[in-house]
Every structure is written in structure tokens, then in C-alpha cells.
Amino acid sequence: MKLRKQVTVCGGAIFCVAVFSLYLMLDRVQHDPARRQSGGNFPRSQISVLQNRIEQLEQLLEENHQIISHIKDSVMELTDTGAVSPSGHLPFRSANGSWVLPFDGRPTFLAVKPQDCQFAAGSRGQADVQMLDVYSLLKFDNPDGGVWKQGFDITYEPEEWDNEPLQVFVVPHSHNDPGWIKTFDKYFTDQTQHILNNMVVKLAEDPRRKFIWSEISFFSKWWETADIHKQEAMRKLILGGQLEIVTGGWVMTDEANVHYFAMIDQLIEGHQWLERNLGITPRSGWAVDPFGHSATMPYLLKRANLTSMLIQRVHYSIKKHFASTRSLEFMWRQSWDTGSSTDIFCHMMPFYSYDVPHTCGPDPKICCQFDFKRLPGGRINCPWKVPPKTVVEANVAERAHLLLDQYRKKSKLYRSKVLLVPLGDDFRYDKALEWDQQYTNYQKLFDYMNSHPEMHVQAQFGTLSEYFNAVYKAHGAAQGSRPADYPVLSGDFFAYADREDHYWTGYFTSRPFYKSLDRVIESHLRGAEILYSLAVANARHAGMEGRYPVSDYALLVDARRSVGLFQHHDAITGTAKENVVIDYGTKLLRSLIGLKRVIINAAHFLVMKNKEFYRFYQTDILSGLSSPLPPPSATPPPSCASDCFFLLSTRYLVLFNPVEQERLCAVTVLVNTVRVRVLTEDGQTLPVQLSAQWSTASQMSAEATFMVRLPPLGLAVFHLYDSPDSPMTLRSDTLLRVSGRDVTARATDPLPVRSQQSDPQTFYISSQSLTLGFSGTTGLLESIKRKDDPQEVKVQMQFMVYGTRPSKDKSGAYLFLPDGKAKVFSVVVSQMFSCLLEGFDSVSLVYCNKHTVESLQMTNKELAMRMVTDIQSGDVFYTDLNGFQMQPRRHYLKLPLQANFYPMPSQAYIQDSHHRLTLHTAQSLGVTSLESGQLEVIMDRRLMQDDNRGLGQGLKDNKKTANRFRLLLERRSTGNKMMDSATNSFPSILSHMTNAFLNHEVLALPVLPKRRGIPPLQTFAPLKSILPCDFHLLNLRSIQSQQQDPHSPSPYTALILHRLVLDCGLEAQNLGFNCTTTQGQLNVSGLFKNLDLQLLQPMSLTLMHSSTPLANDSSISLDPMEISAFKLKLR
């Protein structure tokens, strides 16, 4: 049994226990020889320890009625489970085999204001188009639409434009993937640099020529290699309006698997680069290639002060429906928005692709004739067998009329007489010849059209924002505001199908190893940003600016860019070639090493008691952090931190809590002795549990687990040493269930191991608040029973396997095309750690089900984990979008099986009026609910063939991947019998914290012993006041210097906050930390200890637009769900 926070036996005995433990402690201080030896590091006198204890007793007396009621509840729990100590001493073993620990002395309370619960239960502003309703409405059939195969025949009357001519904006573009078939660097060398070099020359030849560019990762690389004349020429084109930077992110991010932390970070990185080098701010979003679109993206673009956006890859049936109702342009609103503050104008492209044959109008056979790169004699041609013709005097009239007919038909799908016609494709315009072919021939067509008034058209090259501005002007609307009669839409655009039943739902799971690695590195990046900003500010405060290594900022920039690059829609998606995937992985690992260096340097500075002793060259005092990914073999049960941490001598351990709330949790370290003692910084002995760590089914070593309370965003110091047993050393029982074969366990003395023959009967593991049932045959979870709930909930875990179709179209990196329903895949848990880790005093559960599924040798198979429960969820389930918001889903029988899968970046849940079961995940995977009461996740896919989407490879490079989950069963309070909202749902406070703890594990930094001794260390707790528990600190990011060197920081820091919405209809018990809410108010000047706030300035999300600075002592206010950025100067 794992350790957990426990409570004292009864209200009256609290003080006796406290005084008794005080007596024991004073006694130990006087008699412990090891304690005296280490006295140099804990110089507090016995008096101060006594003083501390008295203060703690006084605090206990002063706690309010909430705490008393929690104690009463806890007493009831203890008496219910028969946990009465025979001798009256703590710790002791209760009847169910659990250890009952000494009272932590810090009762906690939950004080969520009723007003902060109202948003989750309240009504919403109405959207005209709700995507869930569209799904219910459509048949999803696929009749032949004629020349526009997936659409319909478009007709018009010739005189429709007599009063208001058609305005046509042809927007040349080149879609540059930062890695796909080639690596980022190879693409740059072979193609991208030539595109940008030609652009500088060719756009300058005629001021009427326009172009748009999106990916700053490529643009910045070109800029760094270009000479000053090229840079000036490029700057002139941008400032003169011939070249527009659209979106301006580091990449054109995927929208399914990415976490909103990384979506924002890559957008900031791109925008900061533009601000420093070009002084420009993007106005319009351009996303032509992500495989489906998330509702999070329009929110982030809006918060970054963009006014309009464009999307392309949407299910063909939805495109057809929107085209038929002329709803392809709409205001995209967040489903939780009570007003219209999140609205952003969005343009959806109507046809199959963003290439030239599918952008001029509905007939690709005709449009292809106007892609002048395909002129006869070139390397590519038109599949429709009619080639383009060079425009000359003799054919210009016929060509212009043919093209205008397509323009007019396309414009009939929109509500304005302004038309957008993109002109480009992947890596286009890399040869000077193509610039001439496209621009010269089109200019002849435009000149002809514009000089013939009877054609009633005004055609020109344009940028994306020029098109949007013309739409606003045509409707008399202000830029970015809603034109009259345009619909408002809420919802998202998953899952995407481009033809037939080819749903792009496979990439939600493809290459899960890298999806997992991405999140580990994101957590390290956030942690490094926060610690670096705090270290620099503290160094400034102490007048030690020159002594702290600001050179670490270059490592942060490198990591931001590597993580940013990996958010690209062919990277995190798992849809690049094998050698490209390795290149991404190499860049990420290099960044991880750099981030560890930043964290170690910052932690070293911050925990030193006397900063005068700080020397940068000594930073090797803290050794490496906990390993970035669990090793592929057996791993210890998930807890706050795990490390290969061998006690060769007295050691110090520094633990970093990257979460903005206090954290009570179990820390596990591997040890080479069973004689382990753990002291807190002020000399208190902590209870330590020694457990078996299994390397194989029959061999084990030891690990030590102890409960710690860590300050928010802080660094806590602990002292571990080899010592004879104390009453605080607990030994876990290990029960080895042996099946038939003669397996004997080799135990590490003195950890007891019992063996018993396994049988098919269900066996149970209990804690004080939960009883779990497991299958005797497979060892898999079967049921969960909460102590406070009369009802046992069936939660049966199964592993399933999908095959792929026998027909020509098979599953690949993008597509999921199963051969029917999943078949049961027999798994026997080879190692099951009987581990109930109750980090949140009796509510949460970690079921450590560690087994190695040797499925990777199978071919054309996909492995799924399915939870079968008796929760009456019907056909409704909930998945998150980018870890930012929850989106209700429905399972539709009218859709093929693969169409019912959705991305799950951080959680999915099912619920009925009694329970909610949430599966939290530390990596993005595909999820569905195929029947009432089920949740199913695709864990890995091994596919032997390409799926004809351009990759040219299957998925054969599988790696052993430790997918990490938390399962949370919550009881819905009885007052919550009202109908669940069809469009909104929110996690509980417990769910939010479970997610934060899973995604931001405690980092362990062992301190290396030195011959000359270790300078005194002390806990670093940066926060003066607690952050409201519905605030998430998304980042504390040092802002770049505006000088030319991008690798030096300015004195400013960006504070990015997200206000969470809490569903209070789920019963929350003691969370293990004080949770209060403030109706969105926060005093920033009172937040950081020992730092002065010299500037507090609200900014746009990517720091490009600033508001008037606030008074330093102002409170800031965030609405529910709001993400806001502030520029701080701390010293």
C-alpha cells in the first residue's frame, strides 16, 4: 500500500498527538547522533523547533469551522474502516492492511464562492449554427455532385453583378511544411530558401504583385542567412503591403493533438520574432493544412488581436451543407461565451483542397488550366488531361470568360460580392520561372477583365487581409466585427474526412512515444521558464545581476523553438517520414538537456541560503533531474517523482513543484538499502515506506516512498541518509500471485514477500476510502467502490485490437480504416503494483496497472484500452480540446465506426446523474465511446502501408511507450439532477488538479555530495499569497530583449494566466491544499515573496499589443475561461 495523507483519530485527541509528537521530536533531537552530524545544515536550535511546534498548536486552535468539520468527517472515516490503533501510537496498520500515518498538522479547506460555481451551471449566448446540431441534421451521404464531386451544380444569372461588380482577390501562397517528407533543414536548403530569394526579386518587379507567408520558423532561418540588402528589400515589401505575414506562428500548428500551452508558446515565439525584426503585427489567420480544426484556435487568435481567420480541412459533407446555406463565412464564437466577446470572423474554403485546381471554382478540370506551373513542358501536368495555355492576344478573351465563369460560381456560395481565390500549393514558387508564368499570365487576364466593363468584375492580386477588409467594407462593417446577417457558429470541426469514409482519425494516436515526449518537454519548458524568471528577478533584487548566468536564456529560446517546431501539423501528428521523426526527436532531446541545465542552475541559486556563496561554475552541485520518460522496462508506480537515486551516502534531495498550488504527494526514489531515513529541512523525521521494486516477475529491489508537502512553484529541501530503523520506517507487504508455473520470488531482505496461487476469483485491494476489484485471471481492474457511496461501480478494463481492411484502402499514419469491431486482446498483467495513492485525502485514485503489451510485433493492428462501466451515459461523451476546454460529443450509428473517434489531449469522461468517470491522460491519443458506459482509447498503431495521403510510408517505427493515465470516479451531488447542457461541460476542481499533477510531475534534483561539503540549503517558496484555485499559471516567460541579439532577455516577464471554470456539482472533499476562489480577482503585487513589482501592464496574448499600465497595487480581474497576459517588471 502506498502512503497517503491521513488524519487524526478524534477531535479531542488532536492536541495530545501534537504534544506527544513534539515530545518525541525533542527527544530525537537530543539523542540522534546522525542528527548532530548534520547540524551544520539545520542550524535551528531546539528552542526554535519548540517555538515552531507551539506556533503550529496555536494555528490549530485558530482554524475555522470548515476545518473542524473536515476533522469530524475524517474521524467518521477512521471509525468506519476499523482503523483504531491497538496501542494508540502512530503510525500503525489498520484492519485492511493500510498504514495510518501521523496527522499532517495542516488541515485544509475548500472555500469556493457560490458565484464561482454559477458559470458552469449558467445559460449561454445562442449561436445560429451549433456544430453538434449540424451533425444530427446531416445524412453524411456522398452523392455525385457533378464537376464538383462532393457538392452540387452551381448556377447564376448573368446580370447578377450589374449593380455591384464582383471583386476578385487572387492570393498567391506557398505552403511550406517545416518537416514532412524531408527534414526542416533539408526543405530549407532544397526549396524554401529559393522561394524567399525569388520573392525578393520577383515581387519588386511589379507593385501589383502580392504574396502571403505563414511559417516564421522558415522565415527566420532565411532572415539569419540573408545579407543586409535582402533583408531591407524584404522589409520594404512587407511594409509596402506586397507581402503579408499571416498568422505569424512559428509553425502552422496541428489543432488536434497539441496542448494549448504549446499552441500559445509557438504563437508568441513567431510574433516576438516579427516584432523584434520587422516591427509588424499579423492581422489574419491562415490554416489550410491542419487535419480538422479546433475551437481553441479562434479564441487564441482573437486574444492575440487578430481580426479574421481562414480554415480549409473540414468534412466534405459539412462543407457542402455550409455552401448550400451560404454559411461558409461566419463569426466563430466559443460555446461557453455568454456574450460575443470571443467572436472572430472565419472564412471556410469550400472545395476539396488548397491547390490551384480546387480554388478558382467548382470545376477542377477548368481551374487546373489556370495553374501556369503546369504549362506543357514542365514537370507536372493536369490529371484532367486539359493543359493550361499561355495567355496571348488571340486567346485572352476566351480564357478570361472561362475563368470568370468559375469565379462567379464560387462567389455564389458566399454572402458578399467579394471573392477569395488562393493561388498556390506545397513549396510552390521555388523557381524564378514559376513566378513569371503565374504573375504574367494572370496579369494579362486581370487587365482584360478590368478593361471590359460589361464583364462587371474587378480582379487583382491581393493579400489575405486585403480580401477580408474588402468584405467588411462591402457590408459597411468595422474590421473584425460581424457583417449584417452573417451567422454565428460554435463548436469544432473534428473529425475530418476528405472523401468517402476516409476519416483522418488515426493520427490522433500515431507515434504515441513522440506525443508523450512532447508533453514531458512542454512541462520542463514551463518549469524552466518559471524558475529562470524567478531566479533572474531574485538575483536582481539581491543586486547580483552580473553573477547569475543570463546565458541560460539562449537555452530557453532553443527549447521554445524546438517545441514550437514539433507542434507543426506533420510533427506531433506522427505523419512525417521516419528519418524526419528522428530529426524532430533529436531536436527535442537536445532541448530537454538544455532545459535541465536551466532548471538546475535556477534551482541551485534559489535554494542557497546565503546567495553570497553562489558561484556559477559550481552549479554541478545539483545532479540531473528525474528521467524524462519512464524507462521502457518496468517502472515504479506513478507518484510525484521517480528517480534512480542510490543512497551511497548522506544525500540531499531538492524537489520542484511546477504547479501553482501547494502539493501533498508521495515521492518515490529507488534506493540501494532498506535502511532509509528522511528528514525535512527543519529536522523532522518523515514516515518512509519501503516497497519492492520489480525488475522482472521474480526479481526485485527496494524503493522508498515518503509523503511531502511542497510549496506552490517552489523548491523543497529534504535530507536522506542511511540509518537504522525508526518507528517511522514502514514496510509494505508484497503479495505475489503465481499462476501454475514454478515461479519463486527473490526478495530483498527484509521486505516480506508472500506468494499464493492465482485463481479466477475477483480479488480486492482496499484503502480507507476505496475498494478496488481486480480480475483473478488477468489482473485487470473490474470495479470501484467508494466508501461514501453505497453503490459499487463496475469499471472493467479490457484490451482490444483492431485490424485494417482487406480492400485497397487501408489504415495508415493519417487514416483509421478498421476491418470491423475490435476483438478482445488477451492481456495478463505481469506486474501489478497494489498501489492506491490517495494524494487527495480519500477522493482520488491511482491504479498502477503496469504491464508490457508485446503488441508491437503484430502487423496492421491497433491496440485499444476499453473501460466498460454501468454508468448510463447513453450516446454522449466528452473530450477536451487542447487541454483548454471540454467539448460534448455524440456517438452516431449513421457514421462509420472510425468517424466516432476524437482527439483526447488531456481528458475524456462519461457521466450519468450519479457518477462521472474521467480518464486523464499525459499524452494525446484518440478516444471514443462506442456504447453507453464505455470509454475507449487507441494506445498504439502498427501499420505496414501508406494510406495515399502523400507520406509514402506506413507506421513501422513503434517504440515501447509508457502511456500514463489517471482514472477519476466522482459522485455527482444529489442536487445535480438537472439536464446536462448539450453544448458545455466543465471539469471539477479535483479533475483540474488531477490533470495538473499528471501533466506537471514533481522534478527531483539530487544534490551531489562534495568533498568540501554542501553550502546550507533552504526551501524556496516564491508565493507570498496563495493563488485562487481556479487560476492556472500558464507561464512566467522572460521576454526577449529588443536589441538584435534574440538570445538575451529584457528586464520584463510575461505572466500568462488562465481562469478555470469549476463544475461544483461533483462532490469535492479535502483536496490536500487550501482551495479558495475570489471571483476572478488577483492582486499581483502581493503574489511574489521578496520581489517588488515595478510594472503591471495588460498585454495581448502574444505581447504585441499593450494597454495602459495599471497601478502596481491594482487587482487584475479575469472572466471565467479567460486567458490573459501581463507584462511585469519584478526586482
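## The second largest cavity

The second largest cavity encloses a space of about 450 Å³. A total of 32 residues line this cavity, and those closest to its centre are His259, Tyr260, Gly883, Asn995 and His1032. The model in which the cavity is found is a predicted one. Rolling a probe the size of a water molecule over the atoms reveals where empty space remains.

Several elements give two or more residues to the lining of this cavity: helices H10 (260–277), H17 (512–541) and H20 (989–999), together with strands S35 (885–890) and S43 (1031–1040). Helix H20 provides the largest share of the lining, with six residues. By residue type, the lining of the second largest cavity consists of 13 nonpolar, 14 polar and five charged residues.

## An enclosed helix

Helix H8 spans residues 216–225, and seven of its 10 residues are buried, so the helix is largely enclosed by the rest of the structure. A residue is called buried when its relative accessible area is under 20%. The buried residues of H8 are Ile216, Ser217, Phe218, Phe219, Ser220, Trp222 and Trp223.

Which elements cover the buried residues of H8? The cover includes the helices H7 (184–204), H9 (228–239), H10 and H18 (552–566), as well as the strands S6 (211–213) and S7 (243–245). Helix H10 also appears among the elements that give two or more residues to the lining of the second largest cavity.

## Backbone features in loops

Most residues other than glycine have a negative phi, and most peptide bonds are trans. The following residues are described with this background in mind.

The peptide bond from Phe494 to Ala495 is cis, and its omega is near -5 degrees. Ala495 is located in the loop between strand S14 (488–490) and helix H17. Helix H17 is also one of the elements that give two or more residues to the lining of the second largest cavity.

Arg326, a residue other than glycine, has a positive phi near 50 degrees. Arg326 belongs to the loop between helix H12 (316–324) and strand S10 (329–332). Its relative accessibility is 39%, and Arg326 therefore counts as partly exposed. Lys385 is not a glycine either, yet its phi is positive, at about 70 degrees. Lys385 is placed in the loop between helix H13 (364–367) and helix H14 (396–411). Is Lys385 buried or exposed? Lys385 has a relative accessible area of 72% and is therefore exposed, since exposed means over 50%.

Key:
Residues numbered from 1 in each chain as written. Predicted model: local features only at pLDDT ≥ 70, side-chain atom pairs only at ≥ 80, totals over all residues. Heavy atoms only, no water. 1 Å grid on protein atoms, 1.4 Å probe; cavity = no way out; pocket = protein on both sides within 12 Å on 5 of 7 lines; lining within 4 Å. Points joined across faces, edges and corners; volume = space filled by probe spheres on them. Helix = DSSP H or I, 4+ residues; strand = E, 2+ residues; numbered from the N terminus. Nonpolar A, V, L, I, M, F, W, Y, C, P; charged D, E, K, R; others polar. Buried < 20%, exposed > 50% of the residue type's maximum accessible area, 1.4 Å probe, protein only. Contact = heavy atoms within 4.5 Å.
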